[in-house]
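Take a walk through this protein with the model open beside you. Keep the sequence at hand as well.

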Amino acid sequence: MPLYRCPLCRGLETPLFHREDRPRVHFRDYHRCLQCDLTFVPPPYHLCATQERAYYDLHQNQGTDEGYQRFLGRMLTPLLARVNPGAAGLDFGCGTGQVLVGMCRRAGLSCVGYDLHYHPDPAPLAQQYDFIVSTEVFEHLADPAGVLEHLLTLLKPGGWLGIMTKRALDRQRFARWHYTLDPTHVCFFSEQTFRWIAARRGMTLEVVGNDVVMLRKPDLAPYSAKQT
């Protein structure tokens, strides 16, 4: 069986964790890193960009949907408890309607959106922010280390990074988990994974829900890529 380097910590201790073979489900393998506890799908099983976009186009996430707004509120509520009124932020992976961007603005924050497929203007990725939020995005990332690295350079000292993604659990529950059936989901973070990220980068981690974590960047010195 080939060895696959972990896309988060770059480690090579990544044994096979689960093999998906349920009927009518796309066959693929999942490996779990013994260093950072990330569970990931190896690159040979990833969709191409065109296939990914076609799958995302099936999503129906509208700003007028109260249920979807309540869902995004699980990120907005802890964010508002941690940032000052008027704080400037980025919604990374904002989707077609930039719903969370609008919710942040109505709550008194300044917010812009970026999305690789739907709002690809790179200008927001050349500024710095008091906060960055990313909802249901990190599970789609083929290169979570690279994306995380970039986002932390955009975050001001003392700023908050909010990540919403469902957390991977033990092998038995993982084997029955609906979250793995989305073919665009290729990375699965556990609480231990987020603790590894925080410790590696000197950040403060706050677990505020079953699928939301808040990471605070140190405020004494700018983040340096040399820490990785």
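What follows covers the strands, the cores, one helix, the cysteines and a histidine.

This is a predicted model. Keep that in mind when reading the distances.

Start at strand E7, residues 155-164. This strand is mostly covered, with eight of its 10 residues buried. It has partners to find. Strand E6, residues 129-135, pairs with E7 in the parallel sense, over six bridges. Look for Tyr129, which stands opposite Leu155 in E7. The other pairing is with strand E10, residues 212-216. Here the sense is antiparallel, and there are five bridges between E7 and E10. Gly162 stands opposite Met214 of E10.

How do E6 and E7 connect? Trace the chain through helix H4, residues 144-154. E6, H4 and E7 together make a β-α-β unit, and this unit is right-handed.

Now turn to the interior. The largest nonpolar core has 35 residues. Which of them touch the most other members? They are Phe92, Ile132 and Leu161. Several elements feed this core. Strand E4 (88-92), E6, H4, E7, helix H6 (191-201) and E10 each supply at least two residues. H4 gives the most, with five.

Zoom in on Ile132. Leaving aside residues up to four places away in sequence, Ile132 touches Leu90, Phe92, Leu151, Leu154, Leu155, Trp160, Leu161 and Gly162. Two names in that list have come up already: Phe92 and Leu161 are, with Ile132, the residues that touch the most other core members. Gly162 is the residue opposite Met214.

There is also a second core, separate from the first, with 21 residues. Its members include Leu72, Ala87, Cys94 and Met164.

Next, find helix H3, residues 99-106. H3 is mostly covered: six of its eight residues are buried. Those six are Val99, Leu100, Val101, Gly102, Met103 and Cys104. What do they pack against? Their neighbors are helix H2 (66-80), E4, strand E5 (110-114) and E6. Gly108 follows the helix, and its phi is positive, near 95°.

H3 brings us to the cysteines. A disulfide is a covalent bond between the sulfur atoms of two cysteines. How many disulfides does the structure hold? The count is zero. Take Cys94 first. Its closest cysteine sulfur is in Cys111, and the two sulfurs are 8.6 Å apart. Cys94 forms no bond with Cys111 because that distance is too far. Then take Cys104. Its nearest cysteine sulfur also belongs to Cys111, at 4.2 Å, and Cys104 is in no disulfide. The cut-off for a disulfide is a sulfur pair within 2.5 Å.

Are these cysteines buried or exposed? Cys94 is buried, with a relative accessible area of 8%. Cys104 counts as buried too, at 1% relative accessibility. Both values fall under the 20% limit for buried residues.

Finish at His31. This residue lies in strand E2, residues 28-32. His31 counts as buried because its relative accessible area is 2%, and the limit is under 20%. Where does its side chain reach? It reaches the backbone oxygen of Thr14, at 2.8 Å. That distance is within the 3.5 Å allowed for a polar contact. Pro15 offers another view of this site. His31 and Pro15 are 16 residues apart in sequence, yet their C-alpha atoms are 5.5 Å apart in space.

How values were computed
Residues are numbered from 1 along each chain as its sequence is written. This is a predicted model: local features need pLDDT of at least 70, side-chain atom pairs count only at pLDDT 80 or more; totals for chains, interfaces and linings use all residues. Side-chain values use heavy atoms; hydrogens and water are left out. Helices (H or I, at least four residues) and strands (E, at least two) are DSSP runs, numbered from the N terminus. Buried means under 20% relative accessible area, exposed over 50%, partly exposed in between (1.4 Å probe, protein chains only). A polar contact is a pair of N or O atoms within 3.5 Å; within protein, one must be able to donate a hydrogen and the other to accept it, and residues adjacent in sequence count only if both atoms are side-chain atoms. Two strands pair if DSSP finds at least two bridges between them. A crossover is right-handed if, with the strands pointing away from the viewer, the path from the first strand over the helix to the second runs clockwise. A nonpolar core is a set of buried Ala, Val, Leu, Ile, Met, Phe, Trp, Tyr and Cys residues joined through side-chain atoms within 4.5 Å. Contact means heavy atoms within 4.5 Å.
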